[in-house]
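Colleague: I am new to this structure and would like a close look at a single part of it. Please take one helix and follow what surrounds it.

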Amino acid sequence: MFGKYFPGNSFIHQLNPAFKILGSIVLITLILMCNNWASYGCMTVITLTLVYLSHSRIKMLLRGVKPILWLIIFTVLIQILFGHGGTVYFHLWFISITSLGIINAMMIFVRLLLIIIIATILTITTSPSMIALGVETILVPLKWIKVPTETIGMMVSIALQFIPTLIDELDDIMNAQRARGVDFGKGKLIKRAQSLVSLIIPLFISSFRHAEHLADAMEARGYSDEVKRSHYQLVAWTKLDWIALLFMILLTVVVVLVRS
């Protein structure tokens, strides 16, 4: 689901895109600051509240975890097998399973899950054009030092739009390779890594092809980064943004107090 936009009229949909981007960064920072179950519980409640305010379904958001589920599992296993501190349950050579290692692994799992859900909420409630506009708004002060903020916003917008396309093409490539007898789930680690090469190379070729076609299309329509562009949609700071800002400040204070 990450990278896809679903139109709606929820509270989150109506917020200023620049605020949503900054708010997501603040929320992710608060999650990274959590150091006990009380603070993680607080952030979990906040994340579920955002899911409700965005009119999203938690099952749909959890689909965003699937593409990187292997990375989460690998990180959790590393923490469990090589953690130190607390009661030792198992020890063999350099492998040590301890109570503190298990607790830290559980916290890391919750942390990554919350971060992915918050990032997914941002993309499904904000269109790529609004994200680009939000990035440009945030980077406005950098114009004083000649930073091409419009170009950066355009790059972010294009990158987000191509994420679902590349994921779909990755599924097609995997199905095509399976039809040719490639099994990505069997064999030793080295053999699995070698089988991934058959995915990476076609995906890179497809990415370059999409980039070339997009560049040709933009040039044919007269796009130039040297010309100041106008925006089809303009956003303003509303009462909802003030309410959300107050909520964000209170949340920051609560998390800081709970984690100390």
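Modeller: What follows is a walk along helix α1 and the parts of the chain around it.

The model is a predicted one. To place the helix, start with the whole chain. It holds nine helices and two strands, and along the sequence these run in the order α-α-α-α-β-β-α-α-α-α-α. There are 260 residues in the chain, and 32% of them count as buried. The chain exposes about 16500 Å², with carbon and sulfur atoms supplying 70% of that area. Among contacts in the chain with a separation of 6 or more, 69% are between residues 24 or more positions apart.

Now the helix itself. Helix α1 covers residues 17–33. It has 17 residues, and the distance from its first C-alpha to its last is 24 Å, close to the 24 Å expected at 1.5 Å a residue. At the N-terminal end, N16 acts as a cap: one of its side-chain oxygens lies 2.9 Å from the backbone nitrogen of A18.

The segment before α1 contains I12. I12 counts as buried because its relative accessible area is 7%, which is under the 20% cut-off. Not counting residues up to four places away in sequence, I12 touches K20, L50, L53, S54, I121 and T125. K20 is one of the buried residues of α1. I12 also lies 9.3 Å from A244, C-alpha to C-alpha, although the two are 232 residues apart in sequence.

Which residues of α1 are buried? They are P17, A18, F19, K20, I21, G23, S24, L27, L30 and I31. The general geometry of a helix is useful when reading such a list. An α-helix has 3.6 residues a turn, so residues three or four places apart point the same way. The buried residues of α1 pack against four other helices, namely α2, α5 (99–125), α6 (128–138) and α9 (239–259).

L27 is a good place to look at this packing. Leaving out residues up to four places away in sequence, L27 touches M43, I46, L50, I118, M248 and L251. L27 also belongs to the largest nonpolar core, which has 26 residues; L27, M43, I121 and L251 are those with the most contacts inside it. Helices α1, α2, α3 (58–62), α5 and α9 each supply at least two residues of this core. The largest share, seven residues, comes from α5. Another core lies apart from it and has six residues, including L122, I131, V135 and L160.

F19 leads to the aromatic rings. The chain has four aromatic pairs. One of them joins F19 and W237 edge-to-face, with 5.8 Å centre to centre and 90° between the planes. Because F19 lies in helix α1 and W237 in the loop between α8 (189–220) and α9, this pair ties together parts that are 218 residues apart in sequence. F19 is buried, at a relative accessible area of 9%, whereas W237 is partly exposed, at 39%. Ring pairs also bring in W242, so that F19, W237 and W242 form a cluster.

For comparison, another aromatic pair sits within a single helix. F204 and F208 form a tilted pair, 6.1 Å centre to centre and with 40° between the planes. Both lie in helix α8, and being four residues apart they are separated by about one helical turn. F204 is partly exposed, with a relative accessible area of 47%, while F208 is exposed, at 56%.

Last comes helix α2 (residues 37–53), one of the helices against which the buried residues of α1 pack. S39 lies in α2 and counts as buried, at 0% relative accessibility. The side chain of S39 reaches the backbone nitrogen of N35 at 3.4 Å. Apart from neighbours within four places in sequence, S39 is in contact with C34, V258 and R259.

Taken together, α1 is capped by N16 at its N-terminal end and packs through its buried residues against α2, α5, α6 and α9. L27 is among the residues with the most contacts inside the largest nonpolar core, and F19 pairs with W237.

Key
Residues numbered from 1 in each chain as written. Predicted model: local features only at pLDDT ≥ 70, side-chain atom pairs only at ≥ 80, totals over all residues. Heavy atoms only, no water. Buried < 20%, exposed > 50% of the residue type's maximum accessible area, 1.4 Å probe, protein only. Contact = heavy atoms within 4.5 Å. Areas by Shrake-Rupley, 256 points an atom, 1.4 Å probe, with all protein chains shown as cover. Polar contact = N/O pair within 3.5 Å; in protein donor to acceptor, adjacent residues only side chain to side chain. Expected span 1.5 Å × (residues − 1). Phe/Tyr/Trp six-rings, centres within 6.5 Å; stacked < 30°, edge-to-face > 60°. Core = buried A, V, L, I, M, F, W, Y, C linked by side-chain atoms within 4.5 Å.
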